[in-house]
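Grab a pencil and work through these exercises at your own pace. Each one sets a task and then walks through a solution.

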Amino acid sequence: MNTTKFTSIKFTSNLILVTGPSRSGKSEWAETLATQTGKSVIYVATATTNPDDPEWLARIEKHQQRRPSSWTTLLVPLDLATTITNYSDINHCLLVDSLGTWVANCLEQDDTVWQQTLQNLWNSLTKVKGSVIFVAEEAGWGVVPAYPMGRAFRDRLGNVVRYLGHLANPVYLVTGGHVLNLSTLGQPLPYNGTVGESPQT
């Protein structure tokens, strides 16, 4: 088992994680939380557009129409760490939607590069003075994928969400038309100083 240790992180920001299955309403809840911060909201979109996929474009447009016109949108398919560092002042709330898409965008990175990408992300969070809200999919609620790339995606995303769940407060689960605050309802697992296994690809 290969594990990567990360240095102890002291946060000065309000780090929030919103997770749940697809079509659960987690993005809507994250948008509500962002509005409630009273800060200038920067929507960090990790999805890339594909003109040959009208259904995907329609999904993106639906998200765009739901967001207030006063929000700034940044398209960040890969370099989350730099974006978070560049918009780290106390007046901003960054809403990153979503981690699942970001992990998928990084799937071609080998294990060594991926671990450095994660370390850069964790390091960027120590510099944030405002708020960061992450939206993440729960990809592990289904069957084990039958192909290596699918297993790599599931494992990497699961590891990221679990580690962020250790760092964030509050952590929300959105499912079945309800929002649950896991930070008040749940019992956190002990943290052993590592973040997940290196997926076998």
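Before starting, one term: two residues are in contact when they have heavy atoms within 4.5 Å of each other. Also keep in mind that this is a predicted model.

**Exercise 1. Get an overview of the protein chain: how many helices and strands are there, and what share of residues is buried?**

Step 1. Start with the secondary structure, which comes to 7 helices and 9 strands.

Step 2. Next, look at burial: of the 201 residues, 42% count as buried.

Step 3. Now turn to the outside. The accessible surface is about 10,800 Å², and 52% of that belongs to carbon and sulfur atoms.

Step 4. Finish with the contacts. Taking those between residues at least 6 apart in sequence, 82% join residues at least 24 apart.

**Exercise 2. Describe the surroundings of Thr 83: which residues does it touch, leaving out those up to four places away in sequence?**

Step 1. Find Thr 83 in helix α3, which covers residues 80-86.

Step 2. Decide whether it is buried or exposed. The cut-off for buried is under 20% relative accessible area. Thr 83 has 10%, so it is buried.

Step 3. List the partners: with those sequence neighbours set aside, Thr 83 touches Val 44, Leu 74 and Val 76.

**Exercise 3. Check the length of helix α6 against what you'd expect, then find its buried residues.**

Step 1. Helix α6 runs over residues 148-167, so there are 20 residues to work with.

Step 2. The expected span is 1.5 Å times one less than the number of residues. For α6 this gives 28 Å.

Step 3. The end C-alpha atoms are 29 Å apart, which agrees.

Step 4. Now for burial. The buried residues of α6 include Arg 156, Leu 157, Val 160, Val 161 and Leu 164.

Step 5. Look at how such positions are spaced. An α-helix has 3.6 residues a turn, so residues three or four places apart point the same way.

**Exercise 4. Explore the nonpolar cores: which element gives the most to the largest one?**

Step 1. The largest nonpolar core has 31 residues, and Leu 99, Trp 102, Trp 122, Phe 134 and Leu 164 are the ones with the most contacts inside it.

Step 2. Elements that supply two or more residues to this core include β2, β3, α3, α5 and α6.

Step 3. The top contributor is α6, with 6 residues.

Step 4. Apart from this core lies another one, of 15 residues, among them Leu 33, Ala 34, Trp 71 and Val 174.

Step 5. For background, nonpolar side chains tend to be buried together in soluble globular proteins.

**Exercise 5. Hunt for aromatic pairs: how many are there in the whole structure, and what do they join?**

Step 1. A search of the whole structure finds 3 aromatic pairs. Two of them are worked through here.

Step 2. Take Trp 29 and Tyr 172. Their ring centres are 5.5 Å apart with 80 degrees between the planes, an edge-to-face pair.

Step 3. Trp 29 sits in helix α1 and Tyr 172 in strand β7, so the pair ties together parts 143 residues apart in sequence.

Step 4. Compare their burial: Trp 29 is partly exposed at 22%, while Tyr 172 counts as buried at 13%.

Step 5. Now take Trp 122 and Tyr 163. With centres 4.5 Å apart and planes at 55 degrees, the pair is tilted.

Step 6. Trp 122 lies in helix α5 and Tyr 163 in helix α6, so this pair ties together parts 41 residues apart in sequence. Both residues are buried.

**Exercise 6. Look at the loop between α4 and α5 and the start of α5: what does Gln 109 contact?**

Step 1. Gln 109 has its place in the loop between α4 and α5.

Step 2. Leaving aside neighbours within four places in sequence, Gln 109 contacts Trp 114, Thr 117 and Arg 156.

Step 3. With Thr 117 there is a polar contact of 2.8 Å between the side chains.

Step 4. At the start of α5, a side-chain oxygen of Asp 110 comes to within 3.2 Å of the backbone nitrogen of Thr 112.

**Exercise 7. Pick out the unusual backbone spots: which peptide bonds are cis?**

Step 1. One cis bond runs from Asp 97 to Ser 98, with omega near 5 degrees. Ser 98 is in the loop between β5 and α4.

Step 2. Another joins Asn 169 and Pro 170, with omega about 10 degrees. Pro 170 is in the loop between α6 and β7.

Key: Residues numbered from 1 in each chain as written. Predicted model: local features only at pLDDT ≥ 70, side-chain atom pairs only at ≥ 80, totals over all residues. Heavy atoms only, no water. Helix = DSSP H or I, 4+ residues; strand = E, 2+ residues; numbered from the N terminus. Buried < 20%, exposed > 50% of the residue type's maximum accessible area, 1.4 Å probe, protein only. Areas by Shrake-Rupley, 256 points an atom, 1.4 Å probe, with all protein chains shown as cover. Core = buried A, V, L, I, M, F, W, Y, C linked by side-chain atoms within 4.5 Å. Polar contact = N/O pair within 3.5 Å; in protein donor to acceptor, adjacent residues only side chain to side chain. Phe/Tyr/Trp six-rings, centres within 6.5 Å; stacked < 30°, edge-to-face > 60°.
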